[in-house]
Amino acid sequence: MNKKYTYIWVSLIILIFGIIFIPRIVDRIKGGTIVETDRMSVEPPKIPLKYITLDGQIRKVPSFEFINQDSLLVTNRDYLGKVYVVEFFFTSCPSICPVMNKNLVALQDEFQEFDDFGIASFSITPEYDTPGVLKEYAEEYGITDMDWNLMTGDKEKIYELANAGFNIFAAEAPDAPGGFEHSGLFALVDKQGFLRSRTDRFGNPIVYYRGAIAESDGENDHGEKQQISILKEDIKKLLDE
């Protein structure tokens, strides 16, 4: 066939394609459907949370037995099969505890439909925080989750659990607000009872999550950013495991 006629036919085919198909493609782009059906959708990879280790050993929540706000015995075994957040607090705390527990209430509300989510709060003033006091505190803060236990018991065992079991600092300090010092950190535990966390930009586990900065505040006066948002994300990851 003469090259001239070949070019004419090719040009005609291109013109017909443009007239028929390009308006349809434009309409689909405007409608958003091309994103779902004509483009490869790539989901970001799910990055598993790191296990926390100490001396080369994966850290697991040690055994504990305490009484909760309903005067019921609660042990670490009651949390097996659940993802849960751990805090150490006291009801008369005038500083960070109110913020911590408002953040935990936000987590409670976020995951209220999940039977395999819970919270464990340990009082560092057990001589004052009786089950009755803890019950009133729970009502004041809107704590309704059956798997959120506010616990009291032997003082030495609670401090051992905080400082040695979780490495979350707690101590008596006469000069501190309320007479006690504590870190305001939250620990995250998986369904098998192992401590887990996401990693920092260097690939190291962050270990704990800042619990004393409100999610709505963004950061505190020291420039430390809130971590409730990432804690929510990481809870979801563990619930999906």
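How many aromatic pairs does a search of the whole structure find? In this predicted model, the search returns 11 aromatic pairs, and one of them makes a convenient place to begin the tour.

**First stop: the aromatic rings**

Select Phe88 and Phe122 and display their side chains. The ring centres lie 5.1 Å apart and the ring planes meet at 20 degrees, so this pair counts as stacked, the limit for that label being under 30 degrees. Phe88 belongs to strand β6 and Phe122 to strand β7 (residues 117–123), so that the pair links distant parts of the chain, 34 residues apart. Phe88 and Phe122 are both buried, and if you now add Phe64, Phe66 and Phe166 to the selection, you will have on screen the one aromatic cluster that these residues form together with Phe88 and Phe122.

**Second stop: charges over rings**

Next, select Lys60 with Phe194, where the lysine lies over the face of the ring, 5.0 Å from the ring centre. Then turn to Arg196 and Tyr51, where the charged end of the arginine sits over the tyrosine ring at 4.1 Å from its centre.

**Third stop: helix α4**

Select residues 131–141, which make up helix α4, and colour Leu134, Tyr137, Ala138 and Tyr141, the buried residues of this helix. If you look down the axis of α4, these buried residues fall within an arc of 100 degrees, and they therefore line one face of the helix. On the other side of α4 you will find Glu136, Glu139 and Glu140, which are exposed. What do the buried residues of α4 pack against? Showing β6 (83–89), α3 (97–110) and β8 (148–151) alongside the helix brings these packing partners into view. Step on past the end of α4 to Gly142, the residue that follows the helix, and note its positive phi, near 75 degrees.

**Fourth stop: Gln108 and its contacts**

Now move to helix α3 and select Gln108, which lies within it. Is Gln108 buried or exposed? With a relative accessible area of 2%, Gln108 is buried, because buried here means under 20%. Leaving aside residues up to four places away in sequence, Gln108 touches Phe117, Ile119, Gly142, Ile143, Thr144, Asp145 and Trp148, a list that includes Gly142, the glycine that follows α4. A distance drawn between the C-alpha atoms of Gln108 and Gly118 should read 7.8 Å, although these residues are 10 residues apart along the chain.

**Fifth stop: the largest pocket**

From Asp145, one of the residues that Gln108 touches, you can go on to the largest pocket, which has a volume of about 260 Å³. Of its 16 lining residues, those closest to the pocket centre are Asn68, Asp70, Asp145, Met146 and Asn149. The elements that contribute two or more residues to this lining are α4 and β8.

**Last stop: two loops**

Finish with two residues other than glycine that have positive phi values. Ser71, with phi near 65 degrees, is found in the loop between β4 (65–67) and β5 (73–75). Val207, with phi near 70 degrees, lies in the loop between β12 (195–197) and β13 (209–210), and its relative accessibility of 25% places Val207 among the partly exposed residues.

Note on methods. Residues are numbered from 1 along each chain as its sequence is written. This is a predicted model: local features need pLDDT of at least 70, side-chain atom pairs count only at pLDDT 80 or more; totals for chains, interfaces and linings use all residues. Side-chain values use heavy atoms; hydrogens and water are left out. Buried means under 20% relative accessible area, exposed over 50%, partly exposed in between (1.4 Å probe, protein chains only). Helices (H or I, at least four residues) and strands (E, at least two) are DSSP runs, numbered from the N terminus. The arc is that of the directions from the helix axis to the C-beta atoms. Contact means heavy atoms within 4.5 Å. Rings of Phe, Tyr and Trp (its six-membered ring) pair if their centres lie within 6.5 Å; planes under 30 degrees apart count as stacked, over 60 as edge-to-face and the rest as tilted. A charge sits over a ring if NZ of Lys or CZ of Arg is within 6 Å of the ring centre and within 35 degrees of the ring normal. On a 1 Å grid over the protein atoms alone, a cavity is a set of points where a 1.4 Å probe fits but cannot get out, and a pocket is an open set with protein on both sides within 12 Å along at least five of seven lines; lining residues have an atom within 4 Å of a point. Grid points are joined across faces, edges and corners, and a volume is the space filled by probe spheres set on the points.
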